[in-house]
Amino acid sequence: MLQRFQRQGWAALNHMVIPASRLLSVAAVVLLVGLLPWMSGSSAEYTILRARYADLPATQENLALVSAELGLDRGPLVIFWDWASAMMRGDAGESWISGRPVLPGVTDALGVSLTLMGFAIIIALLLACALCVPVLIAGLRGRSARGSGAAAAAFTALPEFLLAASLLVIGSVWLGWFPPYGWQGAQHAVLPALALGIPGGGLIGRLTVEAINQTFAERWTVTWQMAGASHRVLLTAVLRRSLPAVLGQVGLVLIGLTGGAVAVEQVFAIPGLGRLTLGAATSQDIPALQAGMLALVIIAILIGSATGLARRALLGPALRHDAVPVQMPQRSRRTRDLIVPGLAGVALLLLTVAGTFRDAYSAVNGRLTAPSLMLPLGSDATGRDILARVGQGTWTTLGTALAVVFACLLIGLFLGCFPRLSAGPAEVTNAAPPIIAGLLVAAVSGPSVLGAAVAITAVSWAPLAVYTAGLVTEMSSRTHIKMLPLLGVGRVRIMVHHVLPAVIGPVTRHAMLRLPGIALALAALSFLGLGAQPPAPEWGLVLAEGMSYVERAPWTVVGPASALILASVLAVSLSSLPTRPKKKPHRRASATSAEYSQPVG
Amino acid sequence: MSIPEDSGVESPTDACDGLLEAIDVHRIFTSHHGRDTVTALDGVSISICAGQRRALIGSSGSGKSTLLSLLLAAERPTRGTVRFQGEVIEPRKASRMRPFRRAVQFIPQDCAASLDPRMTIEELVTDPLRRLGIPGDHRHAALQALENVHLPSSLLGRKRAEISGGQAQRVAIARAVAIGPKILLADEPVSGLDLPLRDQVLSLLRELSLEQHLGVLLVTHDLDAARALCHDAVVLDRGQVADRGDIRDMMSDPQHPATSRLVHSMPRIPSELMEARLAHHADRTREGKFG
Ligand SMILES: Nc1ncnc2c1ncn2[C@@H]1O[C@H](COP(=O)(O)OP(=O)(O)OP(=O)(O)O)[C@@H](O)[C@H]1O
Ligand SMILES: [Mg+2]
């Protein structure tokens, strides 16, 4: 009896692993934020010395002076403890730059950001509904809709920073309908809310459309229709079946708004939390960064919990019994699915080839020269060839992205072998928007390509680990693997020699599909000044350099923006690409990739 | 040759070489939340010696596979012990299990699926020999094992997809036999095979048992197969031993309801006919007509 009790105790303990790892991961984030002053160390001392005492030379004594003044010499534990206990009392400390208390500024900015996010969520939900309604109507009529058109997909595929830049150029500069900068009235909120809401709404819409189509493809809907179920009954049932599968993603998208807000607020110069945090990170004003970051984390946790509750309410008791419907099954890949990514890839390739052999660094042309035959994309503010910069930007951006993908692949493969232990970190890092991660890393080490790459890696490995875990579980349940222990093969050897070799192929393919998305994330960081530094030809950086001249010389923006748009189209079309190739007539049992593939979000 | 037992709990016989026994084992599966439990085995005792051929029969879900996984030390019994030559056997690190794995081997139900599709037949047969630290020329041992199961050596370079189902079945047997075990546990090695192939595998097992003094515990719900190969049988019913004894007696005059259910639920081939067929197949396999 005792033995049996112990066994059940173990089972219960096993069940605690995932929540515990979740809790630990959130605690780790808080710890990270609390330790920021300590981690930024010498890099911050140097920055603050320059910011406060511009006349003092950066000698050892002067740096030590700054260190003592900032309290950086207290050691990590004391620093964290002091910060945490002050936070409990509602004291967020004083700015290292201005010396004024941080909290009032943060609360003001929080209000602005929450308003902006509220508008953005409304737009996102409206857009998602608009994408779903035709599909629902077609489904009720018994036809399968083709979903939204490719153009709509491409438009909603743009990342926030790119959409914000495009909307600013179109809506304020060319059309002059809306003010380009500031936060004074409703008209100031229109473009930012659109820029923040459309990408999320588009993604939610695409996922929901996919889920609804899958549901309508299930036999019971036909049975219900035959049995004369009213449209309303059928509609409710279809939605109840489709939405839970999507809600987890919706939560992630909404949490992603916190990262998007940084970019959008920066582009439109909105005094919100994102811009405040970005400013604090680039100037290494750590107390302001800590407060801003904490506010963002709290928003993210609230959003996550809210969607979790919504999911629970929708699913009801099914969730408790682990009877959650499985991931949407994937349709098989058709040649048609390859047209859009193929075209985008070819266009990007042409741009790259055209730019690679030109001079991207010398200011040999006139400043802001309009495009001509010699300079197909014009020149920038210092007279550099934009085509050359964009073309070579492909190498810089995609090269870094490739390194990130490779790092993610290694981490994913490794952690995928310990699915339950890595569940919490996977969840938390997966939810963390890349821009927020970039902010943290830049605050610690100063902005650099390496820092950006580390940040993106830190938040991008999770899907690969989840995918690996799925494949590993599936492989491990195969008869020939289960047989191995009986033949004297040890656990490590089974993993390394038998399971991983079978898993590595599909996981690598999955990772490569993420390349364009990761390139975009890197470009976003560079655009915000958190990644590549001038004069490197990097897409995001080139776009950022052009933004100030957009009125006089729109081509400074058009060149890099088109490269980024092509990459976005590539990213979205690849991510919605079914990983399963068209069914072969003779399906071999060893085809592993298909069953566990999920849309790359 | 056979050691009939009819007592409830078996006592280890000193004369018995390579005794593998489960003593009053229970196996209770607990669901994820510890709410529901399934009692797959409820106090089962069974033993098998080298040279002995014993059948473990029972209807689907009676706990046969579960008992095998306990005997193989793939899992730990919830209660009770498994012993091999008097020592308690428990799942441990692979390196510490080696002596046991060398002595007790297994033929899984789905033989073809138990072969790694990426490995050649030679690798499949020799890799366990390396892992288990068996001395000698492994390639030679592999050839010998293939010969034992009447497979041509030309198969060595092929992979699973390139051999037939019946050949895969015999490769799995060769892999187990190459290790040179004292006891072979076979989980339904003949279910799902067509009749000639079934007879072929059974006669092969009998041959091996006789030639190499191998103990065979045959798990099956097919009484004909059990009778063709084994002397005596243990009948499992809902996790308990319902009946044990001479298999011929059991079939001609079933004592226990579970046994008679099994006996009456299957089409029967008269035993003389079965014997004749087996003899015929033994001859033909020896002549190499099934390669
Ligand atoms: N991992 C498990 N979790 C829960 N219950 C299990 C598990 N494995 C087996 N069982 C249950 O234990 C019982 C015995 O299963 P077992 O596989 O031993 O049957 P069997 O006699 O081999 O049947 P078959 O002839 O169909 O192979 C069944 O009721 C089964 O549902
Ligand atoms: Mg079984």
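The exchange below goes through a predicted model with chains A and B.

Colleague: How many helices and strands does chain A come to, and what share of its residues is buried?

Modeller: The secondary structure of chain A has 0 strands, against 25 helices. Chain A holds 601 residues. The buried share of these is 48%.

Colleague: Which atoms supply 68% of the area that chain A exposes?

Modeller: The exposed area of chain A is about 27800 Å². The 68% portion of that area comes from carbon and sulfur atoms.

Colleague: What percentage of the contacts in chain A between residues at least 6 apart in sequence join residues at least 24 apart?

Modeller: The count takes contacts in chain A whose residues are at least 6 apart in sequence. Those joining residues at least 24 apart come to 75%.

Colleague: What does helix H7 of chain A reach from its first C-alpha to its last?

Modeller: H7(A) covers residues 160–174, which is 15 residues. At 1.5 Å a residue the expected value is 21 Å. The model is close to that, with a reach of 20 Å.

Colleague: Why is H7(A) described as largely enclosed by the rest of the structure?

Modeller: Buried means under 20% relative accessible area. Residues of H7(A) that meet this include A:Phe161, A:Leu167 and A:Gly171. H7(A) is largely enclosed because the buried residues number 12 of the 15.

Colleague: Which residue with a positive phi follows H7(A)?

Modeller: The phi in question is near 70°. The residue that has it, after H7(A), is A:Gly176.

Colleague: What is the angle between the planes of A:Phe414 and A:Phe418?

Modeller: Over all chains there are 4 aromatic pairs. A:Phe414 and A:Phe418 form one that is edge-to-face, with the ring centres 5.5 Å apart. A:Phe414 is exposed at 53% relative accessible area, and A:Phe418 is partly exposed at 41%. The angle between the planes is 65°.

Colleague: Which elements of chain B are linked by the pair of B:Phe84 and B:Phe100?

Modeller: B:Phe84 and B:Phe100 are also edge-to-face, at 5.6 Å centre to centre and 75° between the planes. The two residues lie 16 residues apart and link distant parts of the chain. Both count as buried, B:Phe84 at 9% relative accessibility and B:Phe100 at 4%. The elements linked are strand E4 and helix H2 of chain B.

Colleague: Is B:Ser95 buried or partly exposed, and how far apart in space are B:Ser95 and B:Ile163?

Modeller: B:Ser95 belongs to helix H2 of chain B, residues 94–103. With a relative accessible area of 37%, B:Ser95 is partly exposed. B:Ile163 is 68 residues away from B:Ser95 in sequence. In space, C-alpha to C-alpha, the separation is 32 Å.

Colleague: Which strands stand at the edges of the sheet of 4 strands in chain B?

Modeller: This sheet is open and antiparallel, in the order E2-E1-E4-E5. Each edge strand has a single partner, so one of its sides is left without a neighbour in the sheet. The edge strands are E2 (37–48) and E5 (87–88) of chain B.

Colleague: What is the bridge partner of B:Ala22 in E4(B)?

Modeller: Strands E1 (residues 20–30) and E4 (residues 79–84) of chain B run antiparallel and are joined by 5 bridges. Helix H1 (residues 64–71) of chain B lies across E1, E2 and E4, at about 120° to E1(B). The partner of B:Ala22 in E4(B) is B:Val82.

Colleague: Is B:Arg27 buried or exposed?

Modeller: B:Arg27 sits in strand E1 of chain B. Beyond its neighbours within four places in sequence, its contacts include B:Val38, B:Leu41, B:Thr66, B:Leu70 and B:Glu75. Its relative accessibility is 14%, so B:Arg27 counts as buried.

Colleague: Which strands are at the edges of the sheet of 6 strands in chain B?

Modeller: The order of this open sheet is E6-E7-E8-E3-E9-E10, and its pairing is mixed. Each edge strand pairs on one side only. They are E6 (104–107) and E10 (240–246) of chain B.

Colleague: Which strands of chain B does helix H6 touch?

Modeller: E6(B) and E7(B) run parallel with 4 bridges, and H2(B) lies across both at about 65° to E6(B). Helix H6 (residues 195–212) of chain B packs on the sheet too, its direction making about 140° with that of E3(B). The strands H6 touches are E3, E6, E7 and E8 of chain B.

Methods: Residues numbered from 1 in each chain as written. Chains lettered and ligands numbered in written order. Predicted model: local features only at pLDDT ≥ 70, side-chain atom pairs only at ≥ 80, totals over all residues. Heavy atoms only, no water. Expected span 1.5 Å × (residues − 1). Buried < 20%, exposed > 50% of the residue type's maximum accessible area, 1.4 Å probe, protein only. Contact = heavy atoms within 4.5 Å. Areas by Shrake-Rupley, 256 points an atom, 1.4 Å probe, with all protein chains shown as cover. Pairing = 2+ DSSP bridges. Axes fitted to C-alpha atoms, helices over the stretch in contact; angles between N-to-C directions. Phe/Tyr/Trp six-rings, centres within 6.5 Å; stacked < 30°, edge-to-face > 60°.
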